[in-house]
Amino acid sequence: MSGTPTPSPRAWWARRPPAAGAAVMATGIVSIGLRLTGYEVLSRILLVVAGVLWIALAADFAARLLRDRPGWLRDAGTPAALTAVAATGVLGTRLSLLGWQHLAEALLALAALLWPVLIVQAAAQWRADMPGSVFLGCVATEGLAVLGATLAAAEGSAWLAHAAMVMFWLGLVLYAFALTRFDYRQVWRGPGDHWMAGGGLAISALAGSQLVLADSPSLYLWNSDGQGVLRDTTTAVLTLALAWYAVLLVAELVRPRPRYDVRRWATVFPMGMTAAAMLPAGSALDVSWLRGWPSEVLVWVSVAAWLAVGAGAVLSARRTPSPDGTR
């Protein structure tokens, strides 16, 4: 029977780069944004998608470690491998918001174990004129801070809040370092991961907001000076994140890059993260307009971006050659 051969899913999966973990990050954070704006059903649908993707990538991660250690080490040595930590942190945060604290704790422990291994490997590759993936050191670190602060608030755990605070400040240091290594020409020609320049600040703002909200009269965490510094820093970081969003969006409009690239998931993530950061920041910083229509608009922009990149991923998978070289 004649016809175009069906592309092999195994062939497509074999070509999956480490940056594919950003698909879980993007899906998870859009789920969180939808949940925070009251669209619980849609949020849970995306949570299921994120969970399935995470399980598939985690299984592949473990299988390659056992069967292809040289290949695993090669991929683990790239900054994009840190999407494994960030994706685990984002998924854990969404599960914590759902009330599944024990599972969120398990994911926090797993991410904390992966973080030092992968960040040391990635740091060895940092150099001048790096793409947007250089900011993943900050994103992965702040992902731990967000999940830690979320669990601290849910469980009333002071030590977890203080550990999250350490990761929050470390993430900002890593962001500043990455900024000195970033190739700013990527803003105009990057394939998608250049948006992480804003995503690193957005997730830092979310971490700062969650740390402010974790405090309560029954759980004394920060004195007035410490909380003031934390609030001021979070305000500054969120302002810079919104500025990056505007700059990156204008650059995309002036110089469109419509072709699909797996690194486009790293565009969706900062879009969703900026929207998700505005909502708790509005409560933490007592800025009411952050909880209004601007955050909801940005949530739906991230949903549209998620759908567009998802469609591109499906079409890309259909075009992937089969093992015999046919399409």
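This passage describes the overall architecture of a predicted protein model and the surroundings of selected residues.

The protein chain contains 13 helices and zero strands. Read from the N terminus, its elements follow the order α-α-α-α-α-α-α-α-α-α-α-α-α. The radius of gyration is 19 Å, close to the 20 Å that the globule rule gives for 327 residues, so the protein chain is as compact as a globular protein of that length. Along the principal axes, the C-alpha atoms occupy a box of roughly 75 × 45 × 45 Å.

Burial and contacts were then considered for the chain as a whole. Of its 327 residues, 54% count as buried. Among contacts between residues at least 6 apart in sequence, 83% join residues at least 24 apart. The area exposed by the protein chain is about 14800 Å², and carbon and sulfur atoms supply 66% of that area. The chain carries 24 positive and 18 negative charges, and the mean positions of the two sets lie 12 Å apart.

Two buried glutamine residues illustrate the packing of helices in the model. Gln101 is found in helix H6, which spans residues 101-123. With a relative accessibility of 18%, Gln101 falls under the 20% limit and therefore counts as buried. Its contacts, apart from neighbours within four places in sequence, are with Ser96, Leu151, Ala154 and Glu155. The pair formed by Gln101 and Leu151 is separated by 50 residues in sequence, while the C-alpha atoms of the two residues are 7.1 Å apart in space. Helix H7 covers residues 136-155.

Gln210 belongs to helix H10, which comprises residues 196-214. Its relative accessibility is 15%, and Gln210 counts as buried. When residues up to four places away in sequence are not counted, Gln210 touches Ala149, Thr150 and Pro280. With Thr150, the side chain of Gln210 also forms a side-chain polar contact of 3.0 Å.

Helix H11 extends over residues 224-254, and two of its residues were examined. One of them, Glu252, lies in this helix and is buried at 14% relative accessibility. Contacts of Glu252 beyond its neighbours within four places in sequence involve His194, Trp195, Arg257 and Arg264. Glu252 and Gly292 are 40 residues apart in sequence, and their C-alpha atoms are 26 Å apart in space. Thr239 is also in helix H11. A relative accessible area of 49% makes Thr239 partly exposed, whereas Glu252 counts as buried. Between the C-alpha atoms of Thr239 and Ala123 there is a separation of 27 Å, and the two residues are 116 positions apart along the chain.

Residues in loops were examined next. Thr37 is placed in the loop between helix H2 (22-36) and helix H3 (40-67). Despite this loop position, Thr37 counts as buried, with a relative accessibility of 19%. The side chain of Thr37 reaches the backbone oxygen of Gly33 at 2.8 Å. Outside the range of four places in sequence, Thr37 touches Leu279, Glu296 and Val299. Leu279 falls within the span of helix H12 (265-284), and Glu296 and Val299 fall within that of helix H13 (293-319). Thr37 and Ala20 are 17 residues apart along the chain, and their C-alpha atoms are separated by 27 Å.

Two aspartate residues stand out in their backbone geometry. Most residues other than glycine have a negative phi. Asp129, although not a glycine, has a positive phi of about 55°. This residue lies in the loop between helix H6 (101-123) and helix H7 (136-155). Its relative accessible area of 49% makes Asp129 partly exposed. Asp286 likewise has a positive phi, near 55°, in a residue other than glycine. Asp286 is located in the loop between helix H12 (265-284) and helix H13 (293-319). At 62% relative accessibility, Asp286 lies over the 50% limit and therefore counts as exposed.

Conventions:
Residues numbered from 1 in each chain as written. Predicted model: local features only at pLDDT ≥ 70, side-chain atom pairs only at ≥ 80, totals over all residues. Heavy atoms only, no water. Helix = DSSP H or I, 4+ residues; strand = E, 2+ residues; numbered from the N terminus. Buried < 20%, exposed > 50% of the residue type's maximum accessible area, 1.4 Å probe, protein only. Polar contact = N/O pair within 3.5 Å; in protein donor to acceptor, adjacent residues only side chain to side chain. Contact = heavy atoms within 4.5 Å. Rg over C-alpha atoms; globule rule 2.2 N^0.38 Å. Areas by Shrake-Rupley, 256 points an atom, 1.4 Å probe, with all protein chains shown as cover. Lys, Arg positive; Asp, Glu negative; His and termini not counted. Charge placed at Lys NZ, Arg CZ, Asp CG, Glu CD.
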